[in-house]
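Dear colleague,

I am handing over the structure we spoke about, and I would be grateful if you could look through it alongside the notes that follow.

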Amino acid sequence: MGDSAEEYPRPEAVVTALAMTQAAGGESVLFAASTAGMSRSKDRGRTWTSISPSTGLGLITALAPSVDFAANATIFAGTGDGVSRSTDGGHTWHSTLQGGQVFAVATVPGLAGDDEIPGGDASVVFAGTEADGVYRSNDGGVTWAAVNAGLLDLTVLDIAFSPAFTEDGTGFVATTSGLYRTRNGGKAWRELDLGFDEPAVQCLAVSLTFNADGLVLAGTEEHGLLRSDDAGASWRPVPKFADRGVIAVAFSPRASTVAVATDRGIAISRDQRETWIHAGDEIGAALCVLVASDGVADIVIAGLVDGGMACSENGGGWARVDPSAS
Amino acid sequence: MVRETGISAPSEGQPWLWACSHVVLIRRLSSGQDSPAKLAPAIDMHTGGWHYAPIQTMVIRSSGNRFRCVEAAGMTSNLIVESPRSRRALLRGIEQMTALISPTLGPVARTVAIAGATGMSAPEVLDNAAVIARRTVELSDPFENMGAMLVRQLAWRVFESVGDGSATAAVICREVVRAASPYIAAGGNPMLIKRGLEQALKIALAELKCQSREVQLPAELARMVAGTLREPGLAEMIGEIVETVGADGSVVVENSPSTTTAYEYVEGVQWESGYLSYALLRDGEPEMRLANPRILLIDKKLSDVELVPLVELCVASDTRSLLIIAPGLSDAAVAFLNVNRDRVGSVMAARAPLSGVQRDEALLDLAAVTGGRFVQTEVGDRIADIVLEDFGTARQAWVNESAFGIIGGGGDRGAIRQRVVTAKAHLRQTQAEDQERQTIRDRIGKLTGASAVIHVGAPTTTARAELRSRIEMAIASARAAFQDGGVPGGGAAYLHCIPALEDLHQQLSGDEAVGVAILISALSSPAETIAANAGVEPSVIAAEAARRPPGFAFDVRSHEWVDAMAGGIVDPLPVVTTALEASVSAAAMAITTDVLVRSRRPKYAIKP
């Protein structure tokens with residue numbers, strides 16, 4: 001080995017955020033934010049293309065495409081300094097909310113009568129911040145207001161909403177000392193009893209069939225994965241995760257597959273969340289996870305703590321993927 | 001015993017009206033002579049008529065135009081009425097008062113108009129049973145009045161307890177007394193009947209609890225209060241608010257100058273207690289915002305000398321923002337803070353909220369929220385002992401002329417939760433007045449970080465007052481249901497208790513069984529009254545209810561039997577149980593009363 005940097009193997013980029021949406025033609029498109037910039041995949045994560053090697057945003061901790069991405073190519077990113085927005089599919093970025101670290105970003109359809117920004121994005125955008133609670137934008141990220149009524153802990157680690165948010169106004173916020181729920185579209189929040197004393201809730205996922213099954217999954221730092229089947233009214237620990245910290249959780253679009261990133265690897269359930277296989281202990285801890293589907297197969301994609309990504313298709317072996325490939 | 005009172009005399013021949021207990025009213029006759037010694041004339045303000053009250057002794061002295069009137073011992077005499085006349089009188093009174101308020105029962109109810117205080121006032125049109133009962137202060141017959149006042153007190157007690165159910169309670173009470181009276185007149189034992197009623201009541205309450213279902217979702221709460229509010233938008237608002245702030249959360253209802261009703265949630269902790277001195281504001285700004293302030297909570301007015309060590313503490317720790325919450329600051333203290341602004345940075349002082357014991361509780365709450373210590377000099381804490389760790393912290397604080405707020409307090413969540421538990425326990429146990437209960441609710445709302453404020457608007461003052469009353473009733477009902485669940489409404493829950501009571505009836509015999517049968521019969525009366533008010537034949541309701549599955553109720557609006565919970569025909573469990581308990585208690589008292597005694601004394605009136 002020589003002394004120059006070029007002679008050392010280039011470390012793989014650490015993927016810190018993943019997101020999936022539908023492009024104009026109806027096909028799925030995935031985005032990955034890493035230390036090597038922004039990447040995109042059009043084949044459900046099997047191969048990636050770098051679209052913005054240097055976003056200028058620093059570390060991106062969350063990604064959320066607009067609900068109308070197919071029309072406006074808008075994505076929101078949570079960063080160390082706030083929220084930034086791209087209106088060209090992730091190539092270029094502009095800051096829309098500044099002032100502190102943002103750990104979570106989520107978009108939901110706007111209500112009728114919401115103001116529109118140029119480009120016609122009627123998304124309502126929520127941002128979870130490190131020290132200022134939850135911020136909400138009703139105009140696609142142009143203006144923001146704090147919506148913290150009922151939140152006793154203003155360090156927000158994740159946000160997730162009901163797929164039928166415009167009807168039921170239901171959403172969840174994960175904080176360092178508990179979980180909160182709104183049933184009024186985010187105007188105010190109520191703490192939920194998880195059965196533990198001030199658990200740090202690190203991640204959330206709401207079932208795509210939430211209206212029917214009321215299923216919500218919450219990953220905690222010390223108490224593993226918690227599950228509610230009644231829209232958050234009551235919770236129980238999922239046994240197989242009792243000794244693991246849960247970092248990320250994601251449902252597949254077909255809702256049958258759930259992937260959970262723990263501090264020791266990836267766990268997957270393919271049968272309505274009842275049985276789990278710790279399928280990825282060999283690839284180590286993951287920072288983020290996403291499940292894509294082509295209608296036949298579910299592909300689990302995980303951003304690894306040690307760098308790079310790993311893909312597993314329909315329960316098969318894991319393949320390493322470099323998100324920074326051009 | 002004789003008591004002297006003195007009061008100026010009226011003009012000659014002018015009737016003179018005076019209100020105080022046991023004072024003989026004297027009328028100066030046109031001849032200048034006083035009225036006969038053995039009778040004292042008085043004017044009845046209700047009827048406008050004169051009458052003479054008997055007295056035994058009376059002493060009168062006068063000096064010039066000043067009369068001295070004295071109360072004479074033994075001036076009163078009692079009137080006694082025994083059974084069966086007493087029972088008939090009580091029942092008539094109960095019937096009259098219940099007839100006043102039963103038309104208000106149900107979603108298709110009627111109103112009651114009460115004449116204005118003066119001949120020129122418009123009548124007051126009411127649909128709130130408790131308020132109607134409260135307005136009715138006396139019947140002309142004193143013994144019937146006792147029955148009426150029994151129902152009046154019943155209605156108001158139920159309303160104060162659970163916010164609704166007054167008419168239901170009155171109707172059940174009337175039916176029990178109505179059914180029991182002829183039986184007792186024919187020789188039945190009222191004490192055994194009462195025992196049967198009490199046993200039946202226990203069974204009925206247990207059955208009602210079994211029928212209870214959770215009412216938690218905003219939409220469920222909205223459907224439940226829709227009948228009270230009669231506006232879908234307001235019902236949705238109440239459903240959302242109660243679900244958000246919870247059963248014990250703070251909901252403040254205020255009048256608004258607008259013609260529409262609006263609401264908002266208040267974030268963090270906010271108290272309606274403003275700055276101690278505008279001199280601490282920055283020039284031209286009505287409000288000061290502090291970022292990451294240290295917060296001092298203390299129970300005494302601070303002087304400049306007392307502030308010195310505290311300011312030095314902050315300076316030494318490089319504090320750039322300080323908020324003092326105290327009962328007051330001396331002028332010298334304000335000047336001292338202004339002079340040291342460059343050293344400390346942003347400094348503001350807010351007045352400690354509330355007063356007395358509630359003030360201390362509020363400051364203890366703030367200590368929990370901010371992670372500081374409430375310095376209580378009244379119990380021995382010394383300013384000299386204050387250390388930096390005694391100051392609370394927050395992400396933000398703001399103070400203006402009328403309020404201060406804290407967002408993102410640095411308090412320990414466990415301590416905050418403990419304060420909430422303590423406050424909720426106090427709320428459940430306290431027999432305090434509404435204002436104090438509201439204060440406790442406010443504190444709970446602030447501790448949990450979410451309070452709601454409803455600004456009630458309407459085109460006229462009268463309409464706004466009426467709307468505000470309906471909103472407050474709806475909030476009380478929604479809270480009760482949110483906390484304890486709901487049962488099928490429209491009287492259906494009572495009807496569904498009947499099978500269990502019939503089983504009890506089979507087990508008992510004699511007059512106890514009669515008591516059970518009486519309650520069985522009375523339990524149909526709310527549903528029948530609701531039907532009658534809506535123009536539906538009431539007699540078929542009870543019979544049909546027995547054929548319907550549990551949980552079904554008759555919707556008097558659509559004239560259909562529906563699943564009560566799904567159709568929003570829901571009554572809060574506490575309202576239903578409280579109304580039943582109170583009505584049986586009142587009825588039992590009425591049926592076991594054999595003798596009525598009334599003191600006959602001069603009618604008193606208020607000096608116009």
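A cavity here is a set of points, on a 1 Å grid over the protein atoms alone, where a 1.4 Å probe fits but cannot get out, and its lining residues have an atom within 4 Å of a point. Grid points are joined across faces, edges and corners, and a volume is the space filled by probe spheres set on the points.

This is a predicted model, in which local features need pLDDT of at least 70 and side-chain atom pairs count only at pLDDT 80 or more, whereas totals for chains, interfaces and linings use all residues. Residues are numbered from 1 along each chain as its sequence is written, and side-chain values use heavy atoms, with hydrogens and water left out.

By the cavity rule there are 2 cavities of 30 Å³ or more, and the largest has a volume of about 60 Å³. Its lining includes B:Phe554, B:Val556 and B:Trp561, while α15 (492-495) and α18 (525-533) of chain B each supply at least two lining residues; helices are DSSP runs of H or I with at least four residues, and strands are runs of E with at least two, numbered from the N terminus.

In chain B, helix α5 (residues 190-211) has 22 residues and reaches 31 Å from its first C-alpha to its last, close to the 32 Å expected at 1.5 Å a residue, that span being 1.5 Å times one less than the number of residues.

In chain A, 4 strands form an open antiparallel sheet in the order β24-β25-β26-β27, where pairing requires at least two DSSP bridges between two strands. Its edge strands are β24 (286-293) and β27 (318-321).

Best wishes

Terms used:
Chains are lettered from A and ligands numbered from 1 in the order in which they are written. On a 1 Å grid over the protein atoms alone, a cavity is a set of points where a 1.4 Å probe fits but cannot get out, and a pocket is an open set with protein on both sides within 12 Å along at least five of seven lines; lining residues have an atom within 4 Å of a point.
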